[in-house]
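Visitor: Could you walk me through this structure? I would like to ask about its strands, its cores and its rings.

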Amino acid sequence: MLNLKNVSVVARVLTFVLRSFSRLSVVLILCASSGGVFSAGMSTGKMQPLDDASMAAIEGRSGIQLTLRLRNNVSVSGTPIGCSGTPNPCRLGLEFADRSGIWLMLKDYYGSFSINDIRLEGSTLPVVNTGYQDSTRFLANDLTTCLIPGCDPRGRQALNIFYPGNKGAGVYNDLTFFANVGRVALEFDNGSIPGYQRDAATGSVLGFRAADSAGLNSPNRARIEGNAYVFGY
Amino acid sequence: MFLLTRTPYRILLRFQMLAQGIFSFALMVLLTPMALAGMSSMTETELSGVSGTGLAIALDDFRYLTAPTSYFEQVGQNNLGSDCSGTGSSSSNTNCWRRGDLRWYGVSISGVTGSGSHWNESSCDAGSLACPRGGQISWFSPFDNPYLIRAWSPAGMSFDGSDINSDPNNPNKTIYEFLAPTEQPDYKFSFWGEIESGATRNAETDALTFGQGDRLKSQTIIQGNAAGSIFRLFQFTESGNETFGIFYHSRLQGDFRFSVGQNGSGATDVIGAAPVFDNQEGLHFMNVDAYLPFGQLYYQALTVGAVGTGGDFYLELTQLPETANVYNRFYSLDSGDSRGFETARLEVANWDTPCASNDTSCQNYRLSHGYVRYGDWYPGGGGARNAIDGDSDGMFFRKCSGCANFNAFAKRPIRIDKRGETQTMQQTQNYNCASGGGGCSVVGGGGPTTTGQGDSTRAYNTATANLGDARIEGLLIQFIRMESCQSGGC
């Protein structure tokens with residue numbers, strides 16, 4: 001059991017961009033579904049209806065292109081918002097099982113995360129093994145029963161998540177990540193005040209940042225190539 | 001584009017496990033659109049063949065490159081002690097604890113073939129340890145031997161010595177696990193780094209260029225794979241300490257290079273600017289094979305807890321319990337061996353022979369005992385002894401391209417005087433070289449001996465100094481504890 005408490009007085013903004021790269025068919029449903037995913041932890045937002053022209057342009061259902069942007073206590077430019085005062089409200093607390101009332105606090109906590117134009121489509125796995133085959137990977141607890149027929153995934157259906165690999169040298173725009181944790185220390189519940197709202201430990205063993213040397217609060221940038229095949233068993 | 005939320009709020013999420021939550025988040029994002037995208041429907045046969053146990057992730061033509069100027073940083077705390085203005089043996093230096101910052105730039109996973117590149121994007125040979133980044137990795141995670149994420153109930157032993165999940169059809173404890181392929185191709189894992197001492201900037205409000213300290217840039221390249229590694233999360237089983245437990249069995253094999261020398265034309269000491277490193281300089285570990293087990297199902301785990309009440313915390317690999325069932329499994333001595341010497345001797349001698357399918361003692365021994373092997377030589381087996389200047393196996397230091405050779409001095413004691421190495425009974429074997437270096441014929445040959453600590457003038461003038469191969473076997477990790485230390489609090 002692990003409890004997380006995220007305390008902040010400023011906005012978090014979560015943005016999706018869904019595009020068709022090949023006969024997109026279900027934008028509205030996808031949006032609704034995605035909203036449902038995140039509404040578990042966040043308040044429900046309003047979706048935009050598709051106009052007639054957009055609906056008419058829908059042709060098929062081969063795949064989708066997805067952009068995900070998440071900001072936590074920062075503006076679009078990465079500047080922290082409202083992260084001041086005592087205690088600084090920009091913080092994340094973790095409470096582990098059997099450690100009730102003791103919070104591992106990530107203080108002065110803010111950042112952003114963005115996946116740009118990742119592509120998804122249905123696919124099938126190859127029909128020829130790779131040379132690294134290990135059928136025991138698909139065995140059940142009894143180490144005898146195969147969880148997929150013949151413990152053989154060849155030709156099975158899979159979700160293909162991919163980026164095209166034809167980007168030029170020096171292009172790093174598939175994933176951006178900015179994070180700041182100014183201090184790390186434990187805080188303890190004190191009467192009615194939960195530990196995650198206290199700042200009794202003013203020290204810290206270290207801080208953590210993920211950024212880029214281009215400038216203050218510039219996000220860490222990465223480039224991803226290849227195909228990820230995800231399948232169940 | 002649409003907005004989900006832009007209002008102040010506070011959330012409470014209860015996750016059974018942190019990583020489960022993270023993966024749930026990621027997988028819901030990725031899989032929900034998939035499910036609703038109306039792709040090809042599954043047949044009844046296919047549906048009946050899915051157990052719901054977990055997810056398999058195969059990665060083909062894969063490459064992950066962080067921008068060479070992008071970094072992950074550990075930000076140190078402010079100086080302690082004196083004003084830290086001094087140098088050498090002055091009190092304002094020796095009484096000072098300087099702030100240290102560490103930054104890892106350009107963290108990359110790439111192939112050992114294809115188009116290689118230095119940190120400034122200039123090209124290099126992807127198959128060489130001179131080249132930090134390679135091309136794409138074909139079947140980095142093979143589809144027929146993929147990364148696995150699953151909830152699972154493997155058998156194990158509780159902290160009190162009782163069996164857990166002994167009946168696979170009626171398990172009583174479930175864990176979350178993330179498994180690497182058992183076999184995968186070699187790839188490159190690389191980054192360059194800055195170690196900075198004495199910085200004065202506020203990392204949250206100042207750019208890197210402000211308040212700079214003294215810096216050392218370095219490069220790390222690992223060329224190999226981590227096949228067989230296992231990461232697990234479970235509830236620890238010690239009574240009264242049933243907390244969040246982490247298990248990590250690390251397996252690494254391949255070559256490792258750490259270097260600090262930069263290439264003349266690509267060199268830069270500007271903070272945050274990516275240099276090009278020399279092609280060959282540095283400390284090398286070749287043909288490494290390492291297995292380090294941190295945790296055992298279910299009697300040992302990495303856990304977190306409080307140190308006092310001042311805010312410090314510990315990360316601990318829990319201590320092996322004084323319970324016969326547990327330590328007998330942990331030590332896994334052969335029948336009739338009460339002290340462990342014979343078991344260890346046989347395990348080392350038969351290190352390359354698989355355990356028999358019914359030999360649980362051998363299997364348990366190899367699960368709990370780690371090893372670190374440098375180089376391809378092993379007792380009684382294959383592999384050749386390395387030449388004194390060998391640069392393809394074992395551990396060696398190598399000079400930078402275009403640099404002059406250096407004098408290697410080996411201080412190999414063949415008799416030790418317990419009063420100290422300068423005493424008369426100490427005897428040291430020297431290189432078989434002339435004084436001042438040169439004129440050596442040292443491969444496989446011993447040099448003259450000297451009373452005392454050795455003759456440092458009998459040095460070997462070389463471009464590479466090979467330290468040889470080494471093996472650490474039977475590595476038991478019974479307890480590790482690391483405590484955080486706030487600035488001025490310890």
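Visitor: How many bridges join strand 10 of chain B to strand 13 of chain B?

Guide: In this predicted model, helices (H or I, at least four residues) and strands (E, at least two) are DSSP runs numbered from the N terminus, and two strands pair if DSSP finds at least two bridges between them. B:L148 of this pairing stands opposite B:L179 in strand 13 of chain B. Strand 10 and strand 13 (residues 175–179) of chain B run antiparallel, and the number of bridges joining them is 5.

Visitor: Which residue in strand 10 of chain B stands opposite B:I57?

Guide: Strand 10 of chain B also pairs with strand 3 of chain B, in the antiparallel sense over 4 bridges. Opposite B:I57 in strand 10 stands B:Y147.

Visitor: How many residues of strand 10 of chain B are buried?

Guide: Buried means under 20% relative accessible area, exposed over 50%, and partly exposed in between (1.4 Å probe, protein chains only). Strand 10 of chain B is mostly covered, and of its 6 residues the buried ones number 5.

Visitor: Which strand gives the most to the largest nonpolar core?

Guide: A nonpolar core is a set of buried Ala, Val, Leu, Ile, Met, Phe, Trp, Tyr and Cys residues joined through side-chain atoms within 4.5 Å. The largest one has 38 residues, and A:L104, A:I118, A:L120, A:I161 and B:F140 touch the most other members. Elements giving two or more residues include strand 5 of chain A and, from chain B, strand 3 (54–66) and strand 10 (147–152). With 5 residues, the one that gives the most is strand 7 of chain A.

Visitor: How are the rings of A:W103 and A:Y196 arranged?

Guide: Rings of Phe, Tyr and Trp (its six-membered ring) pair if their centres lie within 6.5 Å; planes under 30 degrees apart count as stacked, over 60 as edge-to-face and the rest as tilted. A:W103 lies in strand 5 (residues 102–124) of chain A and A:Y196 in the loop between strand 7 (175–188) and strand 8 (207–212), 93 residues apart. Both residues are buried. Their centres are 5.0 Å apart and their planes stand at 70 degrees, so the pair is edge-to-face.

Visitor: And which term fits the rings of B:Y327 and B:Y331?

Guide: These two tyrosines both lie in helix 4 (residues 324–331) of chain B, 4 residues apart, about one turn of the helix. B:Y327 is partly exposed at 28% relative accessible area, and B:Y331 is partly exposed at 29%. With centres 6.3 Å apart and planes at 45 degrees, the pair is tilted.

Visitor: How far from the ring centre of B:W152 is the charged end of B:R150?

Guide: A charge sits over a ring if NZ of Lys or CZ of Arg is within 6 Å of the ring centre and within 35 degrees of the ring normal. B:R373 lies over the face of B:Y371, at 3.6 Å from the ring centre. The charged end of B:R150 sits over the ring of B:W152, and its distance from the centre is 3.5 Å.

Visitor: One last point: how were residues numbered and the values filtered?

Guide: Residues are numbered from 1 along each chain as its sequence is written, and chains are lettered from A and ligands numbered from 1 in the order in which they are written. Local features need pLDDT of at least 70, while totals for chains, interfaces and linings use all residues; side-chain values use heavy atoms, leaving out hydrogens and water, and side-chain atom pairs count only at pLDDT 80 or more.
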